[in-house]
Amino acid sequence: MRIAVTGSIATDHLMTFPGRFADQFVADQLHAVSLSFLVDNLDVRRGGVAANIAFGMGQLGGRPVLVGAAGFDFDEYRAWLDRHGVDTGSVRISEVLHTARFVCTTDKDHNQIGSFYTGAMSEARQIELKAVADRVGGLDLVLIGADDPEAMLRHTEECRAREIPFAADFSQQIARMDGDEIRTLMDGATYLFSNEYEKGLIESKTGWTEEEILGRVGHRITTLGSRGVRIERAGEDPIEVGCPEEEAKVDPTGVGDAFRAGFLTGLGWGVSLERAAQVGCMLATLVIETLGTQEYTLRRAHFMDRFTKAYGDEAAAEVQAHLA
């Protein structure tokens with residue numbers, strides 16, 4: 001499968017607060033919050049949901065097509081992605097804006113408060129998927145990740161018009177979208193990704209029930225944090241996959257992106273939905289054990305040893321054939 005991953009390309013500024021955010025909020029003053037957190041450290045990392053997903057797919061041996069907009073400061077980042085198996089030939093480079101920036105603080109309970117500067121990402125709406133498809137010889141699936149909202153709408157409409165299967169993945173952008181926008185972006189998707197909280201928010205904003213949503217998308221994939229993932233399809237029993245045992249819990253940033261990378265790579269291999277979800281959960285576990293969304297190293301023997309321990313010999317044999 002030729003898979004294009006659209007969405008943000010960004011630099012992450014990650015900080016750690018040694019206390020708990022919840023201890024700093026006063027219940028009757030939430031309408032006038034004014035807080036500053038003294039953090040312990042600052043790590044500047046490569047990020048952005050599309051770049052994170054594409055990096056993970058590249059680590060697994062895929063050749064994903066990254067589609068998004070970056071700034072004139074993107075050269076070093078591009079070289080990094082190229083070295084790790086990502087096709088960056090369809091990234092639009094702004095002549096005047098910096099690459100987008102995510103600033104995030106994580107507390108001791110792994111709760112997060114973040115802000116996102118769009119920068120060059122605002123130019124993603126100028127990207128046409130037909131040009132991408134023509135360059136790479138066609139597209140079998142387009143993941144439409146969190147991006148400039150106009151870009152997300154344009155990519156979705158173009159996928160429908162050109163009959164290209166697409167996956168809807170709103171993530172951080174769901175907070176600013178209204179029900180009509182979410183319905184437009186979701187209707188007809190082959191895959192709908194969200195976490196458990198976003199799942200409820202989608203239903204609340206659209207007014208659609210779980211059954212109505214399953215009637216409009218092919219597969220609904222809900223990540224459940226430490227409990228793994230659930231895959232639902234209309235008229236069929238859900239598939240639930242647990243997470244491998246963690247060696248450490250360092251930083252949750254990028255874990256959802258890593259799951260998507262593994263799942264999409266599994267789809268590209270042609271394995272079952274359950275097996276693809278297992279690959280996604282294994283890759284996500286590597287990320288939570290690492291500070292930074294693209295700082296992990298996928299050592300194939302180590303990956304397969306842990307995968308075998310978590311999911312058994314039969315599952316491992318099937319994945320090994322592709323990962324090798």
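# Exercises on sheets, salt bridges and a pocket

A168 stands opposite L192 in β10. Let us start there and work outwards through this predicted model, in which local features need pLDDT of at least 70, side-chain atom pairs count only at pLDDT 80 or more, and totals for chains, interfaces and linings use all residues. Residues are numbered from 1 along each chain as its sequence is written, and side-chain values use heavy atoms, with hydrogens and water left out.

## Exercise 1: around β10

**Task.** Find how β9 and β10 run relative to each other, parallel or antiparallel, and place them in their sheet.

**Solution.**

Step 1. Helices (H or I, at least four residues) and strands (E, at least two) are DSSP runs, numbered from the N terminus. Besides the pair A168 and L192, A167 has Y191 of β10 as its bridge partner.

Step 2. Two bridges join β9 to β10, and these strands run parallel. Two strands pair if DSSP finds at least two bridges between them.

Step 3. Now widen the view: the order β5-β4-β1-β8-β9-β10-β11-β12-β13 gives an open sheet of nine strands with mixed pairing. At its edges are β5 and β13 (239–241), each pairing on one side only. On average, neighbouring strands here are turned by 20° against each other, direction ignored; the axes behind such angles are lines fitted to C-alpha atoms, for helices over the stretch in contact, and angles run from 0 to 180 degrees between N-to-C directions.

Step 4. Check the burial of β10: four of its five residues are buried. Buried means under 20% relative accessible area, exposed over 50%, and partly exposed in between (1.4 Å probe, protein chains only).

## Exercise 2: the four-stranded sheet

**Task.** Which strands stand at the edges of the other open sheet, and what does that leave on one side of each?

**Solution.**

Step 1. Read the order: β3-β2-β6-β7, four strands in an open sheet with mixed pairing.

Step 2. β3 and β7 (112–117) each have a single partner strand, so one side of each has no neighbour in the sheet. From one strand to the next, the twist averages 20°.

Step 3. Look at one pair closely. Strand β2 (residues 10–16) and β3 run antiparallel, joined by six bridges. D12 has R45 as its bridge partner in β3.

## Exercise 3: three salt bridges

**Task.** For the pairs R135–D87, D169–R260 and D187–R216, find where the partners sit and how accessible they are.

**Solution.**

Step 1. A salt bridge is a side-chain nitrogen of Lys or Arg within 4 Å of a carboxyl oxygen of Asp or Glu. The whole structure holds 23 of them.

Step 2. R135 and D87 meet at 2.9 Å, N to O. This pair links helix α3 (residues 129–136), home of R135, with strand β5 (residues 87–93), home of D87, across 48 residues. R135 counts as partly exposed at 39% relative accessibility, whereas D87 counts as buried at 10%.

Step 3. The side chains of D169 and R260 meet at 2.7 Å, N to O. D169 lies in the loop between β9 (166–168) and α5 (179–186) and R260 in helix α8 (residues 255–269), so the pair ties together parts 91 residues apart in sequence. D169 is buried, with a relative accessible area of 3%, and R260 is buried at 5%.

Step 4. D187 and R216 meet at 4.0 Å, N to O. D187 is in the loop between α5 and β10 (191–195) and R216 in the loop between α7 (210–214) and β11 (219–223), 29 residues apart. D187, at 32% relative accessibility, is partly exposed, and R216 is partly exposed at 33%.

## Exercise 4: the second largest pocket

**Task.** Which element gives the largest share of the lining of the second largest pocket, and how many of the lining residues are charged?

**Solution.**

Step 1. On a 1 Å grid over the protein atoms alone, a pocket is an open set of points with protein on both sides within 12 Å along at least five of seven lines, and lining residues have an atom within 4 Å of a point.

Step 2. The lining includes T11, R45, R46, Y77 and E295. β3 (42–47) and α2 (75–83) are the elements that give two or more residues, and β3 gives the largest share, three residues.

Step 3. By class, the lining has three nonpolar, two polar and six charged residues. Asp, Glu, Lys and Arg count as charged, Ala, Val, Leu, Ile, Met, Phe, Trp, Tyr, Cys and Pro as nonpolar, and the others, Gly among them, as polar.

Technical notes:
1 Å grid on protein atoms, 1.4 Å probe; cavity = no way out; pocket = protein on both sides within 12 Å on 5 of 7 lines; lining within 4 Å.
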